[in-house]
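The following exercises concern the reading of side-chain contacts and secondary structure from atomic coordinates. Please examine the sequence and the structure before turning to the solutions.

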Amino acid sequence: CLRRLRPHTDDDAPPAKRPRIEVTPLDPSTSDSGLPSTVVVSENGSKEQFTLKAAAIFRQEYKVRTGIDLRPWHSGPGSGRWVYISSCGTRYLWSQNVGTWLQWKFAVAGEGRSRYSSYFPFGVRRWKSMIGECSPADFFVTPKGGKQGTPSNACGTAGTGFTFLEPHKEDPVELPMLGVEEAERFYEDGYIVLRADSLGSHARASRALREMNLVLAELAIAGLETGRISPEFGLVEDLPREGLNSVRVQSRKEFTALLSPLRTIIQQLLGGCPEEPETIQLAYAPPTGSMGEGFEGRSDCRAGDEYHIDGRGRIPNGFALLVGVALSSPPPGSCAWGALTVFPGSHRNASLHREYPKKKAESGQHMDLGTPRHVTLERGDAVLAHSLLAHRRSENWSDAWRYQIYWRLKPERARSDHGWESGMPGDPWAVLPGVLAARRGRVNLLP
């Protein structure tokens, strides 16, 4: 068994570079709440203005927009009536009455818990981290015109402890979310595409592509010379082999960073935090055909009965959401470049789901699903698909390799709930409750 590479976290940084958070009143005028109407929040040197709003209104607006309840939040007795929110509406300061004290917390919507907290009966006091292992961390709160607060001997740092989908410095200010339009497309087609420009993923895709090429080079060296693969590359060797179509490796930060801007929409779809997958798939698509064979202008003309549903014939298939990120772009003028090719609506085809396991076991001819659709992805674009969506890799009649990386995600509750898939396949949304919740948002928005 190859050793697991430990992902980098902020705990690896020297103490002088640990994250710090500051909250500074910006406007001396106050609202009817008696609180400043705006504050400036500074986290790790990045400053952003937050605006005061009634908590009930903010939570209601968030549910209408996303289809799910706001988390983190304490909805029981003592929950504060006011909240400070960022311009993008996903980062916020919320409060909770604890005895005679008022505890404020800094949170990012969709994460497992709040990141920092501070108690104030008298102005702004020092903040403490609420996540990770106990170790010194420097967090400060600075009132307007005041001196820098006292550093806390807090527990943990901002980069660990709440979910493996962690913020990244290249994330956009506003993370993509599952709105009514996106939910409707996912419901009908079984997948949605998010573009690299909205994810800030261009540079991350380049770094991940380098890692994929290093794995490919190691595979070539092992095949030609050494006969063994270095543990450094995290190759998982005890899984069925599918050649270069499916190279399974243990994750590393260059790959996981690609999921960071998707963390909110992933959690919306799953209805909670995802469980960290044990492996990821590096999908290579070399050119189709033989040496000297013509390829210009050729298309993938295979019939509509050539496809597969993940799980090697087992339905339900052990996961809920397929997430793929393209690490290469289609060559100009190519009609078939090894792209993910899907059969829209097949995730809702009950007859297919009843028939598929038997046909797979017997190596029989599958149901004809008609004309498929190539999913055109440029480098850094992402596709999120239902686990039951029938698909295939198209033939690659081009002069270049296609590179893509895949994660197969399931909700964190699957660790303790062994029946988490029990509603499948009769109810395709039993494992992705966020789709129906977001679609209902359309009703809420009608006059």
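The exercises below treat a predicted model, and each is followed by a worked solution.

**Exercise 1. The faces of a helix**

Determine which residues of helix α1 are buried and where they lie around the helix axis.

Solution.
- Step 1. Helix α1 spans residues 55–66 and has 12 residues. From its first C-alpha to its last it reaches 16 Å, close to the 16 Å expected at 1.5 Å a residue.
- Step 2. With buried taken as under 20% relative accessible area, the buried residues of α1 are A55, F58, Y62 and T66.
- Step 3. Viewed down the axis of α1, these buried residues fall within an arc of 65°, so they line one face of the helix. The general background is that an α-helix has 3.6 residues a turn, so residues three or four places apart point the same way.
- Step 4. The exposed residues A56 and Q60 are carried on the face of α1 turned away from its buried side.
- Step 5. After α1 comes G67, with a positive phi near 85°.

**Exercise 2. Two aromatic pairs**

Classify the ring pairs Y84 with W104 and Y307 with Y356, and state which parts of the chain each pair ties together.

Solution.
- Step 1. The structure holds 12 aromatic pairs.
- Step 2. In the pair of Y84 and W104, the ring centres are 5.6 Å apart and the planes stand at 45°, so the pair is tilted.
- Step 3. Y84 belongs to strand β4 (residues 79–85) and W104 to strand β6 (residues 101–108), so this pair ties together parts that are 20 residues apart in sequence. Both Y84 and W104 are buried.
- Step 4. For Y307 and Y356 the centres are 6.5 Å apart and the planes at 20°, so the pair is stacked. The cut-off for stacking is planes under 30 degrees apart.
- Step 5. Y307 lies in the loop between β11 (280–285) and β12 (321–326), and Y356 in helix α7 (residues 350–362), so the pair ties together parts that are 49 residues apart in sequence. Y307 and Y356 are both buried.

**Exercise 3. Salt bridges around an arginine**

Identify the salt bridges of R204 with E170 and with D171, and name the network to which these residues belong.

Solution.
- Step 1. A search of the whole structure finds 19 salt bridges.
- Step 2. The side chains of R204 and E170 meet in one such bridge, at 3.6 Å from N to O. R204 lies in helix α4 (residues 202–226) and E170 in the loop between β8 (128–129) and α2, so the pair ties together parts that are 34 residues apart in sequence.
- Step 3. R204 is buried, with a relative accessible area of 1%, whereas E170 is partly exposed, at 24%.
- Step 4. D171 also forms a salt bridge with R204, the closest N and O atoms being 2.8 Å apart. D171 lies in the loop between β8 and α2, and R204 in helix α4, so this pair ties together parts that are 33 residues apart in sequence. Both D171 and R204 are buried.
- Step 5. A network of salt bridges links E170, D171, R204, R207 and R263.

**Exercise 4. A small sheet**

State the strand order of the open sheet that contains β13, and find its edges.

Solution.
- Step 1. The sheet has 3 strands in the order β14-β13-β16, with antiparallel pairing.
- Step 2. β14 (373–374) and β16 (391–393) stand at the edges, each with a single partner strand, so one side of each is left without a neighbour in the sheet.
- Step 3. Strand β13 (residues 340–342) is joined to β14 by 2 bridges, and T341 has H374 in β14 as its bridge partner.

Methods:
Residues are numbered from 1 along each chain as its sequence is written. This is a predicted model: local features need pLDDT of at least 70, side-chain atom pairs count only at pLDDT 80 or more; totals for chains, interfaces and linings use all residues. Side-chain values use heavy atoms; hydrogens and water are left out. Helices (H or I, at least four residues) and strands (E, at least two) are DSSP runs, numbered from the N terminus. The expected span of a helix is 1.5 Å times one less than its number of residues. Buried means under 20% relative accessible area, exposed over 50%, partly exposed in between (1.4 Å probe, protein chains only). The arc is that of the directions from the helix axis to the C-beta atoms. Rings of Phe, Tyr and Trp (its six-membered ring) pair if their centres lie within 6.5 Å; planes under 30 degrees apart count as stacked, over 60 as edge-to-face and the rest as tilted. Two strands pair if DSSP finds at least two bridges between them. A salt bridge is a side-chain nitrogen of Lys or Arg within 4 Å of a carboxyl oxygen of Asp or Glu.
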